[in-house]
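User: Please take a close look at a single part of this structure, the packing of one pair of helices, and set it in its surroundings.

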Amino acid sequence: MPLAARMRIPLIHLFFWLFTIASLLPFLLVFMVSITDESSILQQGYALIPSKLNFAAYRFLFNDFSQIARSYGVTILVTLIGTVASVLITALFAYPLSRRDLPLRRTLSFLLFFTMLFSGGMVPWYITYVTMIGLKNTLLAMIIPNLLLSAFNVLLMRSFFAGTIPESVVESGTIDGASELTVFLKLVVPLSAPIMATIGLFNLLAYWNDWYNCMLFVDTPGLMNIQYLMTKTLNNVQFLIMKAETSSQAGELIASMPTETVRMALAMIGIAPLLVAYPFFQKYYISGITSGAVKG
Amino acid sequence: MAALSSTPITTATAASSRSRIFWKKVKKYRALLLMTLPGLAYLIMNNYIPMYGVILAFKDLNYVQGIWGSPWAGTGNFKFLFHSPDAYLITRNTILYNAAFIVVNLVLALLAALLVNEIKERAITRFYQSTFLLPHIISMVVVAYLVYSFLNVDSGLVNRQIAKWFGAGAISWYNEPAYWPYILVVVNAWKNVGYLAIIYFAAIIGIDKEYYEAATIDGASKWRQMTRITLPLIAPVIIVMTLLAISSIMRSDFGLFYQVPMNSGPLLPTTNTIDTYVYRAMIMRGDIGMSAAAGFYQSVVCFVLILGANLAVRRISKEDALF
């Protein structure tokens, strides 16, 4: 075999190892900085291999954990409520649209589809939520706007229902005298676990990662989610201690804060749950995007 | 005479019986129709009321008189927008960045998909897939931290370690707009290439293996198989994905252009896009009329582009068209 042919597979692996390193290296760097000694950073800058280990940044954060815990609480609560509500509302909308004999089906489909083509833009959207609905500084502001229902997910679920639920199942249910709702809950939903899980996972990630709604609609620290707390802290690391009771207390805290490493430690605390969970859900996520794309 | 008088009656009865049938159907399917109500209400609130709100772009909003009571501005907001240098700058940035993203991401994702297909051990391909999808699932806030760890002026990896290898001096990355077109293209590729590669890879796996077997028997090289079998057969997917990307060339990833440059003022000439401009005009300057006008301009151009892209997709492969 000529050299080029023998080298083909090793070269491909080399390419992917470079790809893999590029994907993972930034995370490693942030982690390493977070456990580096602050003074060695001042001397040598960030490094992939810390010259001196120090967990002071984590100690500093755990010392007053109330804001981080609070933000995590907001994120978890919003993610749980949002994911369940969005899967429910998506399924409730998608299932009737999958029934060919539904009256007004074309009208409803068009109303859904048109939202993918045209939008009023961010300004009227924002003003609608703030002035008409009054969502400013509420938990709902992180659940409802833009995240609760995506037309794309409805279409994905509709084609799943239309393609995998045999009409005979629905017919047999209705002939037995079951109401449409019973047929949906008892027959259709159990058959649709894969698509529910896929859409649920998409929505879960969207809620967990959201900072945009929080930035637009929330300005009280008590309601800030973890992503927005991270945003605020990246731009101004002192944001973490702004709520200290007195200015002298705050001054003391700033003096004692290992600023460079605290920032990265907060980033690690913010990413950790996703990084830990990723190996377990990546398989479902990958099959979710490919199943959505195969049609598209 | 008889024909003349009977026609309107029959059409009237036909119409009324049609509407009777319709209402009977509505009654029969009322449970299903009720199920759509929450979703419908949501679309009205989240999408249709704001669509009506585009009239803000033609108003001179003041909060005392409210949205409906405020005086009309005609096309004043648009005139003001398009006479400012910002309009050209944000349009240029949005389009050029998207064009670069489309080309760079397509080339890298196709390369990755074609190469990963050459690896026969499924466990290894799965490992590669999941590592290069990781950047796709994290938020832009986290990406901003990762970029900051490289580009921080005083202690970032680039200024303190990598610059040493090249004997270069420190660069104040967050104050130098000239570097950002490259930085943002790299960051965007880092975040999205894995995702696109997986979509293309799924399309490649779907190709019938018999084509390759026949080609191998005929002595076709791997390269020939790639260019003559794989690429032509996944071309519809490539074309559809690319046309969809082109149709949203006037939209930008807000997080990428706002979070990653850390909202730095000196970087605006190369990081300001239509979406960040609208946000800043509305939230920071409180200029509702002009930000609504910019948003309206974006929506209308997008709408036209989507219709055009769909027409193109229909021409190429009908079943892939959106509508």
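The request concerns helix H7 and helix H10 of chain B: at what angle do they pack, and how far apart are their axes? Which residues of the two helices meet?

Analyst: The model is a predicted one, and the description below begins with the helix pair before turning to its surroundings.

Two packed helices are described by the angle between their axes and the distance between the axes. In chain B, helix H7 (residues 122-137) and helix H10 (residues 180-205) pack with their axes 6 Å apart and at an angle of about 130°. H7(B) is therefore oblique to H10(B), since an angle counts as roughly antiparallel over 145 degrees and as roughly perpendicular from 65 to 115. The crossing of H7(B) past H10(B) is left-handed.

On the H7(B) side, the residues that meet H10(B) are B:Gln129, B:Phe132, B:Leu133, B:Pro135 and B:His136. Their counterparts in H10(B) are B:Trp190, B:Lys191, B:Asn192, B:Gly194, B:Tyr195, B:Ala197 and B:Ile198. Sorted by class, this contact of H7(B) with H10(B) comprises seven nonpolar, four polar and one charged residues.

Elsewhere in chain B, helix H6 (residues 85-118) holds B:Leu96. With 14 other C-beta atoms within 10 Å, B:Leu96 is partly exposed, because the buried class requires 20 or more and the exposed class 12 or fewer. B:Leu96 lies 8.6 Å from B:Ile249, C-alpha to C-alpha, although 153 residues separate the two in sequence.

Chain B also touches chain A, in a contact that takes 74 residues from chain B and 75 residues from chain A. Helix H3 (residues 37-52) of chain B supplies the largest share of the chain B side, 10 residues. That side has 51 nonpolar, 20 polar and three charged residues.

One residue of chain A that reaches across is A:Thr231, whose contacts include B:Val141 and B:Gln259 as well as A:Trp211 and A:Met215. A:Thr231 sits in helix H13 (residues 226-235) of chain A. It has 27 other C-beta atoms within 10 Å and is therefore buried. Between A:Thr231 and A:Phe217, 14 residues apart along the chain, the C-alpha separation is 15 Å.

Chain A as a whole has 15 helices and zero strands. Its radius of gyration is 25 Å, whereas a compact globule of 296 residues would have one near 19 Å. The C-alpha trace of chain A spans about 75 × 70 × 35 Å along its principal axes, and 40% of its 296 residues count as buried.

Terms used. Residues are numbered from 1 along each chain as its sequence is written. Chains are lettered from A and ligands numbered from 1 in the order in which they are written. This is a predicted model: local features need pLDDT of at least 70, side-chain atom pairs count only at pLDDT 80 or more; totals for chains, interfaces and linings use all residues. Two residues are in contact if their C-beta atoms, placed from the backbone, lie within 7 Å. Helices (H or I, at least four residues) and strands (E, at least two) are DSSP runs, numbered from the N terminus. Ala, Val, Leu, Ile, Met, Phe, Trp, Tyr, Cys and Pro count as nonpolar, Asp, Glu, Lys and Arg as charged, and the others, Gly among them, as polar. The radius of gyration is taken over C-alpha atoms; the globule rule is 2.2 Å times the number of residues to the power 0.38. Axes are lines fitted to C-alpha atoms, for helices over the stretch in contact, and angles run from 0 to 180 degrees between N-to-C directions. Angles under 35 degrees count as roughly parallel, over 145 as roughly antiparallel, 65 to 115 as roughly perpendicular and the rest as oblique. A crossing is left-handed if the near helix is turned anticlockwise from the far one by less than a right angle, and right-handed if clockwise. Lists of a residue's contacts leave out its neighbours within four places in sequence.
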